[in-house]
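Here is a short guided look at a two-chain model, for reading alongside the coordinates. Let us begin where the chains meet and then take each chain in turn.

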Amino acid sequence: MSDITISERQAGDVTILDLVGKVTIGEGSVALRSTIRRLLGEGKNKILMNLAGVGYIDSSGIGELVSSFTAVNKEGGTLKLLKLTQKIQDLLAITKLLTVFDVFDEESEALSSYN
Amino acid sequence: MAGIQQIKLPSRIESVDEAASKADEFAKAQGLGDDFVSAIDLAIRESVANAVKHGNKFAEEKTVDLTLARTDEGFEITVRDYGTGFDIDEIPDPTDPENLLKTNGRGILFMRSFMDVVEWSNHEGGGLVVKMIKRQ
């Protein structure tokens, strides 16, 4: 069984990914990478990643977020983060990645920011 | 010492989860709180992942030797691999602006952020040992 479940929703031209589980070295990171690559292949390059259900992330998972961010940017799109848990917020602060990612607490506010 | 556990793990990615699971179980049995256990969990995941990937380079015949110890000082973890070691000073700072978008290199930063002591040494029998202490 995979460590992570990734569900997709569409809000206009923004694809919302609801992640539940762990984004860690191995399956969790691979599943995220595959999803992002597939969305970009389908021309969906406005992506909002909801991390409310992510109970755990390690440095490999953080690296996968960065990789996703870079891949989406290269395709002319935008990847933003929604509802960070305190743990993830702490890790992004330690790594200074809060200066890189656009982060939102409210989905409506995040969606408005794409306009 | 109030308790010690030694575990030998094969050099594969699944060992990261196994090490974390054993450590969680051991730490909780020692009555340590959630925040403390969470810090240990992350440090073990990062150090075992480094040992598997960069130390033993996934060589199945090489093990990762994990020691967990509840001490008077707090909690001590040692992770030994059987690789050729590395120079800690050569690891780039992942928080440097030019490295922010690199996809790896943050594990040691996490270990140092969540543990009070993180030290590397060469084992006399070969390989690298990282010793980490979380004080109470």
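## Where the chains meet

In this predicted model, 15 residues of chain A are in contact with 17 residues of chain B. On the chain A side, the biggest share comes from helix α2 (residues 59-74), which gives 7 residues to the surface touching chain B. Sorted by class, that side of chain A holds 6 nonpolar, 7 polar and 2 charged residues.

## Chain A as a whole

Chain A has 4 helices and 5 strands. Read from the N terminus, its elements follow the order β-β-α-β-α-β-α-β-α. Its radius of gyration is 13 Å, close to the 13 Å that the globule rule gives for 115 residues, so chain A is as compact as a globular protein of that length.

Along the principal axes, the C-alpha atoms of chain A fill a box of roughly 30 × 25 × 25 Å. Of its 115 residues, 41% count as buried. How much of the contact map comes from residues 24 or more positions apart? Among the contacts in chain A with a separation of 6 or more, such pairs account for 72%.

## Two positions in chain A

It is worth zooming in on Val72(A), which lies in helix α2 of chain A. Is Val72(A) buried or exposed? It has 21 other C-beta atoms within 10 Å, and a residue is buried from 20 upwards, so Val72(A) is buried. Beyond its neighbours within four places in sequence, Val72(A) is in contact with Ile36(A), Leu40(A), Asn45(A), Ile47(A), Gly77(A), Thr78(A) and Leu79(A). One of these, Ile47(A), is 25 residues from Val72(A) in sequence and 8.2 Å from it in space, C-alpha to C-alpha.

Now turn to Ala52(A), placed in strand β3 (residues 46-57) of chain A. Ala52(A) counts as partly exposed because it has 15 C-beta neighbours inside 10 Å. Ala52(A) and Thr5(A) are 47 residues apart in sequence, with their C-alpha atoms 12 Å apart in space.

## The nonpolar cores

The largest nonpolar core has 32 residues, and those with the most contacts inside it are Ala19(B), Ala23(B), Ile40(B), Ala43(B), Ile44(B), Val48(B) and Ile77(B). Two or more residues each come from α1 (14-29), α2 (34-55), β2 (63-70), β3 (74-80), α3 (107-114) and β5 (128-135) of chain B. Which element gives the most to this core? That is α2(B), with 9 residues.

Val48(B) is a good place to see how the pieces come together. Leaving aside neighbours within four places in sequence, Val48(B) is in contact with Leu9(B), Ser15(B), Val16(B), Ala19(B), Val64(B), Leu66(B) and Val79(B). Apart from the largest core lies another, of 30 residues, which includes Leu17(A), Leu48(A), Leu81(A) and Leu84(A).

## The sheet of chain B

In chain B, 5 strands form an open sheet in the order β1-β2-β3-β5-β4, with antiparallel pairing. At its edges stand β1 (3-10) and β4 (117-122) of chain B; each has a single partner strand, so one side of each is left without a neighbour in the sheet. On average, neighbouring strands of this sheet are turned by 15 degrees against each other, direction ignored.

Let us walk across the sheet. β1(B) and β2(B) pair in the antiparallel sense over 8 bridges, and here Leu9(B) stands opposite Val64(B) in β2(B). Next, β2(B) is joined to the antiparallel β3(B) by 6 bridges, with Leu68(B) standing opposite Ile77(B) in β3(B). A hairpin connects β2(B) to β3(B) through 3 residues. Further along, 7 bridges pair β3(B) with β5(B), again in the antiparallel sense; the bridge partner of Ile77(B) in β5(B) is Met132(B).

## Two backbone angles to check

Most residues other than glycine have a negative phi. Two residues of chain B deserve a look with that in mind. Lys57(B) has a positive phi, near 50 degrees, and lies in the loop between α2 and β2 of chain B. Phe58(B), also not a glycine, has a positive phi of about 65 degrees and is found in the loop between α2 and β2 of chain B.

How exposed are they? Lys57(B) counts as partly exposed because it has 13 C-beta neighbours inside 10 Å. Phe58(B) is likewise partly exposed, with 13 other C-beta atoms within 10 Å.

Notes
Residues numbered from 1 in each chain as written. Chains lettered and ligands numbered in written order. Predicted model: local features only at pLDDT ≥ 70, side-chain atom pairs only at ≥ 80, totals over all residues. Contact = placed C-beta atoms within 7 Å. Nonpolar A, V, L, I, M, F, W, Y, C, P; charged D, E, K, R; others polar. Buried ≥ 20, exposed ≤ 12 C-beta atoms within 10 Å, placed from the backbone. Core = buried A, V, L, I, M, F, W, Y, C linked by C-beta atoms within 7 Å. Rg over C-alpha atoms; globule rule 2.2 N^0.38 Å. Pairing = 2+ DSSP bridges. Axes fitted to C-alpha atoms, helices over the stretch in contact; angles between N-to-C directions.
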